[in-house]
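Good morning, everyone, and thank you for making time for this. Please have the sequence and the structure open while I talk.

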Number of protein chains: 2
Amino acid sequence: MKDHPKTMNGAESVVRSLHDAGVDVCFANPGTSEMQFVDALDRTKLMRCVLGLFEGVVTGAADGYARMAGKPAVTLLHLAPGFANAAANLHNARKARVPMVNLVGDHALRHQKYDAPLTADVAGACAPFSDWVRSGKDADSFASDAMEALRVASGKPGRVATLIAPADIGWNEGGQMAPALSPDGPVPLDEAALDQAVAALSQGSSTVIIAGNGVLEDMTAMALLRGIADRSGARILAPTSNRRVERGQGRFPIAKIPYPINEAIESLAPFSHAILIETVPPVAFFAYPEKPSVLLPEGCETVTLAGVDGDGPQAIAALADRVGAKAATAPAVEMPARPTAGAITLKNIAAAIANALPEDAIVVDEAVSWGGALHAAGDVARPNSWLSLTGGSIGIGIPMSAGAAIARPDRPVITLQADGSAMYTLQGLWTQAREGSNVTTIILANRAYQILKGELHNVGAQPGEDALSMLNLDRPELDFVSLAKGMGVPGRSVEDVRDLMQAIEDAAAEPGPFLIEALL
Amino acid sequence: MKDHPKTMNGAESVVRSLHDAGVDVCFANPGTSEMQFVDALDRTKLMRCVLGLFEGVVTGAADGYARMAGKPAVTLLHLAPGFANAAANLHNARKARVPMVNLVGDHALRHQKYDAPLTADVAGACAPFSDWVRSGKDADSFASDAMEALRVASGKPGRVATLIAPADIGWNEGGQMAPALSPDGPVPLDEAALDQAVAALSQGSSTVIIAGNGVLEDMTAMALLRGIADRSGARILAPTSNRRVERGQGRFPIAKIPYPINEAIESLAPFSHAILIETVPPVAFFAYPEKPSVLLPEGCETVTLAGVDGDGPQAIAALADRVGAKAATAPAVEMPARPTAGAITLKNIAAAIANALPEDAIVVDEAVSWGGALHAAGDVARPNSWLSLTGGSIGIGIPMSAGAAIARPDRPVITLQADGSAMYTLQGLWTQAREGSNVTTIILANRAYQILKGELHNVGAQPGEDALSMLNLDRPELDFVSLAKGMGVPGRSVEDVRDLMQAIEDAAAEPGPFLIEALL
């Protein structure tokens, strides 16, 4: 263990122990109950502290950081309402099995019995959005609780771990350093499941392999998986939303289960057998009248070769070994023709983005209704990491980009951002400006909750004027260039596809954040 | 009961029943699971639908509406993450005993067992921020559940009632109209408590009467309370934060318990007896090392003449009757001298605001660190209704103003808005623009979480550069005029106190929203 003071308060013991265990970034929106942490972070200078002007920015950024760093940052949040503000993006992280460690300040233990203005059930608020919740008991054991939170978060699969920190256990002396604990490894491969998977592969093109999470981040596993598919005739699909997919030229394109309910059902209809690797059986995003919740056809024989707690790449290696498959060679893909002048449309936007995406870009995809069209860009562009909205809770794109840029300052970040969703956590632009992050935010300005118009049809309604007024954002029009300027981010508005590409190329080549309002 | 269709779906039965019971405004940020409500609101045209671009705007606006309308609106929210986004301002409403009815869409009942991307424990998420939670069971009973929510919310005290609405009970036919239910009346006056209060008053200036909630909204009660104090020598105080106080010339000034811990303790130190009316014993906002949580001095004899569930004005009338007190006459107050040119400072800002506040203004006070100085303005200005942040969860000012303006379009709304807090729910400006509300937002731009710097000192820390960087908002500086422009609200930046007053007077006289960035 490194050199630490002999006596310290609880907060300092947590900061020092987390840092010894490898946590060196703190995303924070602190309040009074976290002042000891602010003080400890200040005195120790061990962590990079990144401020968000809203808690949803803090957790979205921590998610983006973890997806790209492969390890958690720590967040600093404030009481039940502050946790609630952070919760939507914790929900997204939890669904993606992203490792997260939250420190949530609470009133001092002796103060909790009073109905102070900010008193509420903190543990109750945390539970629905955390995989693990514990409340710190005293200064002595505070750091070992933090190490347990880090252990839980960092296991397989990643988890959202929330440690509630009463103010007094932070300020009390008696903090004790605690050593890092080994996280849970993956569940071992189930030989019976392997046999079943081998049998399923003998069904050829009637079999679908659905692979998620770690598989999509691992190009060796993807090459082997493609080899298995080539040999057996099975189809490969990815879940609709994924925390990170390594894509682009030299990688293996993988189709995903579409979001629209009819297309999703159709995409899986041909299969009598399914092999799941690091994912769960796919279900409809929402229920609809007269539509099934389960997407695989009735009677489809499903084998989970590796669950979300398993080791997908290892399972794929074992399966390849059993069927004698070798790693495939990545297909040559051609960059689509660079669009010439004209309006930005669903037809040309994927080609435009593919052409403009810089090498090694991190793409943050909260394109929502334009996501289907844009997704194609990732396969034909230069190599990129593609990060999606995983829990359906909008408002992650701008913060996630801020956090991804903290994890990988050497790579340009491009955010494909729906306008309605951007307004949930727009404050993240300020964090991008403060940190000088090389993030280019492309606002896809269709001036509507466009995706909800489709949903209104799906439930059988014919929207009238009042309904549309709840789904349209055009009265008044949002001016994203002014909004960005207000937070210190320069920007430009474009209507022509050629100007869009030029703006992306200019912005990615320059350091610091930039915002492009793409009028659709 | 009014004329309604013979058959309707569950959602329509809820909309129609709520409307029959007097609810005619819906603040909404709908998602897919609420599409039936969007459709029903559209077809029936019974309610005014107000869209917020973030759920915290929706609930903050519903709070402001209820404080000024004296009855709840209904909110439309979406699943657990959407509820979480709304929760901070529900927390504020709950602490202020403001009546609120939330409809929270959930997945269809049959879909809830699957781990869909947006699946989470909705009821668990709602519980810490609601006084009452129920989940709708079927289309037939859906409207009667909504009527029970309205009954609970509208009682004494006001409550936050949350009805979870699975999508299918909204879209299923079989909706049944349900009649309005009578809310709980106040708890009857306790004669023993009245005797104790009479005895406490005999202690003269050693007695404090702390009056909250309904008392502060009732000028007749305030006149009688002042008469009781004048006769007995008792002191009157209000809680630190209050949902609505009728203030200004011709009303009765009432000091409030200060927010800073030392001043709060000092303000109550002189008293051996306390009489509570529509409030609870005051406690410290936060706990601090070596400071008490309970603010009344040890051994202070405390009698609750009326609890938060009691009828304060009636209790005051009974007490006045017992001690032979008559209604006092409101003191003549002099408008402070209009500040001449110069920087905007803690010394001149109260006089500036007092002079500039228009007649019958609704003042929304989220001034936070400048709140102490600004509060004085309310007593000397023209008559006004003063609405405060009640639960300590920042980010209510801009939405609350939007909602107050919907309730009282005939009155100008002036928002005293701290800059850090403004950034939590800035999206409310767009709602103000959309609704053409006469709201003037004054951003008190000190470019810091200023109040937290004081809190850092209170816990014994000496802030260094890293600590200050988590509390300062000056890198980059926020440009609120650009931010407002981006949401369709015109604005102006002022540095001189005379320009500030002129800008307020200009903006309040014009229809529609305006933002003034006051550089401090």
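I will go through how the two chains meet, starting with the whole interface and ending with one pair of helices.

Please keep in mind that this is a predicted model. If we begin with the overall contact, 97 residues of chain B touch 97 residues of chain A, and the area buried between the two chains comes to about 8100 Å², with carbon and sulfur atoms giving 63% of that area.

Turning to the polar side of the interface, there are 44 residue pairs in polar contact between chain B and chain A, counting pairs with both residues at pLDDT 80 or more. Six salt bridges also cross the interface, and in one salt bridge the side chain of B:D479 meets that of A:K485, with 3.4 Å from N to O.

Which helix supplies the largest share of the side of chain B that touches chain A? That share, 10 residues, comes from α4(B), while the side as a whole divides into 52 nonpolar, 25 polar and 20 charged residues.

So let us look at that helix and its partner. The axes of α4 in chain A and α4 in chain B, residues 79-95 in each chain, come within 8 Å and cross at roughly 170°. Because angles over 145 degrees count as roughly antiparallel, α4(A) is roughly antiparallel to α4(B).

In this contact, residues of α4(A) including A:P81, A:A84 and A:H91 meet residues of α4(B) including B:P81, B:A84 and B:H91, and the residues of the contact divide into eight nonpolar, four polar and no charged.

Conventions:
Residues are numbered from 1 along each chain as its sequence is written. Chains are lettered from A and ligands numbered from 1 in the order in which they are written. This is a predicted model: local features need pLDDT of at least 70, side-chain atom pairs count only at pLDDT 80 or more; totals for chains, interfaces and linings use all residues. Side-chain values use heavy atoms; hydrogens and water are left out. Axes are lines fitted to C-alpha atoms, for helices over the stretch in contact, and angles run from 0 to 180 degrees between N-to-C directions. Helices (H or I, at least four residues) and strands (E, at least two) are DSSP runs, numbered from the N terminus. Angles under 35 degrees count as roughly parallel, over 145 as roughly antiparallel, 65 to 115 as roughly perpendicular and the rest as oblique. Contact means heavy atoms within 4.5 Å. Ala, Val, Leu, Ile, Met, Phe, Trp, Tyr, Cys and Pro count as nonpolar, Asp, Glu, Lys and Arg as charged, and the others, Gly among them, as polar. Buried area is the accessible area (1.4 Å probe) that two parts lose on being put together, summed over both. A salt bridge is a side-chain nitrogen of Lys or Arg within 4 Å of a carboxyl oxygen of Asp or Glu. A polar contact is a pair of N or O atoms within 3.5 Å; within protein, one must be able to donate a hydrogen and the other to accept it, and residues adjacent in sequence count only if both atoms are side-chain atoms.
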